[in-house]
Amino acid sequence: MNHSVSNPFPWYKKMSAENPVYYDKDYMHYFGAKGAWHVFRYHDVQTVLYDWENFSSEYAPKVDNILSAAIQVTDPPRHKQLRLLVSKAFTPNVIENMKPWIQEITKELLDKVADKGEMDVTVDLAVPVPIQVIAKMLGVPYEDRDKFKFWSTIIVKNPTEVEGGVNGYFQAQQEMAQYFMNLFEERLKDPKDDLISHLQRVDLEGEKLSEQDLLAFCITLLVAGNETTTNLISAAIYTFIENPEIQEHLYQYPEVIPTAIEEILRYRAPVQYINRIATKDVELGGQTIKKGDLINAWMGSANRDASVFENPDTFDLNRTNLKHTSFGHGIHFCLGAPLARLEAKIVLELLFSQFKQLELKDTSKELEMNEINLMFSIKSLPIVFKKR
Ligand code: HEM
């Protein structure tokens, strides 16, 4: 693989045309597996994500890792049970009730930078909003926020990128696990109106979530919900800066913001690919994927498939086909999609209601990205703006 993380799209286009289902024998997954299939076209990506019988989510090694039992890396029947249990605590009502908190959190962050006329979008806004929302949703006490944020930022990383390496990663995971166990005990004695208490209460035909499942789910929420939403918010603001006429349109017509968010999800997918493992030999795009082979299904590429999206490389607010694959497809479809959409909507609405003329602080500098192929992830986005 040899492509730019800030602009992988020409590589996707080339591969979609020439090698739409391609075996890369040198590909190294962070957990050590060597070799993987790359799948680039929309319908093939959808097939891989949807067909769990042929393309399993149980690709993670069964090591001493709390996350190896988590919902996103399990297949039915266990997946169905977990999903039913957690969905009950993740209803539209729960999300709707979070609206005032998200507004409060965002306002506080915008107030901090308002008089300065500048901020780093990623550091000052896009990172703290999702972390604070999850902390509040789970019921992490306010005074533990810094500790929680510290563990969160480690746990969402690739273990090899953490200070102290894999050991540092697992140490943070253990500390956080212990912290949650204590919180679970407190909530059992004294239930509150938070997600932990909800998850402790949920019950499916007499079955409750075990402590291990509860823990895996709390940590999953961090991993699945934080960096992804951060990427969405940063990519949105960056794209609006690249396109001042769109920025102007959104000031005037904030009701278009939800459409803009869907188009950002398509245009710069926060998660660029998802893994699966073949359960048997399967034909896809004229190739035979062998049982046990790892697959990267590139949503970032599927969303730019010209046979599905007209002028796919154009950010288009008038697009009517918004069927991007950025939240997945099928049984694992993102459980947090309504929350991510709500967070992005509130952040952009409040931003545009207070600030205008967002511009890059230094146009001569290249966009600073996190160097990971998995995500479209802007590391730092210094901007200047005026108050409205
Ligand atoms: C823009 C933000 C987000 C993006 C792009 C995103 C993307 C995804 C994708 C692609 C999947 C499917 C994984 C697969 O098929 O293997 C997924 C699953 C999941 N997401 Fe999200 N996500 C986002 C935000 C969130 C948030 C905010 C939460 C929760 C707080 C969340 C929780 C989950 C969970 C629990 C799953 C696993 C569902 C299952 O396995 O049944 N996500 N997400």
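Let's start in a loop: Cys334 is found between α14 (299–302) and α15. That residue is worth finding on screen, since the iron atom of the ligand has a single donor from the protein, and Cys334 provides it through its SG atom, 2.3 Å away. Keep in mind that what you're looking at is a predicted model.

**Around the ligand**

- How many residues surround the ligand? There are 26 of them, and the closest are His79, Arg83, Arg276, His332 and Cys334.
- Two side chains from that closest group also turn up in polar contacts. For His79, an N or O atom of the side chain is 2.7 Å from an oxygen atom of the ligand. For Arg276, the matching distance from a side-chain N or O atom to a ligand oxygen is 2.8 Å.
- Ile71 joins in with its backbone instead: a polar backbone atom there is 3.5 Å from an oxygen atom of the ligand.
- Which elements give two or more residues to the shell around the ligand? They're α3 (78–88), α11 (211–242), β5 (273–278) and α15 (337–354).
- Helix α11 gives the largest share of that shell, with 6 residues.
- Sort the shell by residue type and you get 15 nonpolar, 9 polar and 2 charged residues.

**Aromatic rings**

- Search the whole structure and you'll find 21 aromatic pairs.
- Take Phe180 and Phe184 as one of them: their ring centres are 6.1 Å apart and their planes sit at 20°, so this pair is stacked. The cut-off behind that word is an angle under 30 degrees between the planes.
- Where do these two sit along the chain? Both belong to helix α9 (residues 165–189), and because they're 4 residues apart, about one helical turn separates them.
- Are they buried or exposed? Phe180 has 0% relative accessibility, so it counts as buried. Phe184 is buried too, with a relative accessible area of 1%. Buried here means under 20%.
- Elsewhere, ring pairs link Phe9, Trp11, Tyr12, Phe40, Tyr273 and Trp298 into a cluster.

**Arg304 and its rings**

- Arg304 lies over the face of Phe9, a member of that cluster, at 3.6 Å from the ring centre.
- Tyr267 also has Arg304 over its face, this time at 4.3 Å from the ring centre.

**Asn303 in its loop**

- Asn303 is another residue placed in the loop between α14 and α15.
- How accessible is Asn303? Its relative accessible area is 0%, so Asn303 is buried.
- What does its side chain reach? One partner is the backbone oxygen of Leu265, at 3.4 Å.
- The Asn303 side chain also has a polar contact of 2.9 Å with the side chain of Ser326.

**A look at Gln103**

- Gln103 lies in helix α5 (residues 99–114).
- With 31% relative accessibility, Gln103 counts as partly exposed, because that label covers values from 20% to 50%.
- How far is Gln103 from Leu322? In sequence they are 219 residues apart, and in space they are 26 Å apart, going from C-alpha to C-alpha.

Conventions
Residues numbered from 1 in each chain as written. Predicted model: local features only at pLDDT ≥ 70, side-chain atom pairs only at ≥ 80, totals over all residues. Heavy atoms only, no water. Near = heavy atom within 4 Å. Polar contact = N/O pair within 3.5 Å; in protein donor to acceptor, adjacent residues only side chain to side chain. Nonpolar A, V, L, I, M, F, W, Y, C, P; charged D, E, K, R; others polar. Donors = N, O, S within 2.8 Å, 3.2 Å for Na, K, Ca; no water. Phe/Tyr/Trp six-rings, centres within 6.5 Å; stacked < 30°, edge-to-face > 60°. Buried < 20%, exposed > 50% of the residue type's maximum accessible area, 1.4 Å probe, protein only. Lys NZ or Arg CZ within 6 Å of the ring centre and 35° of its normal.
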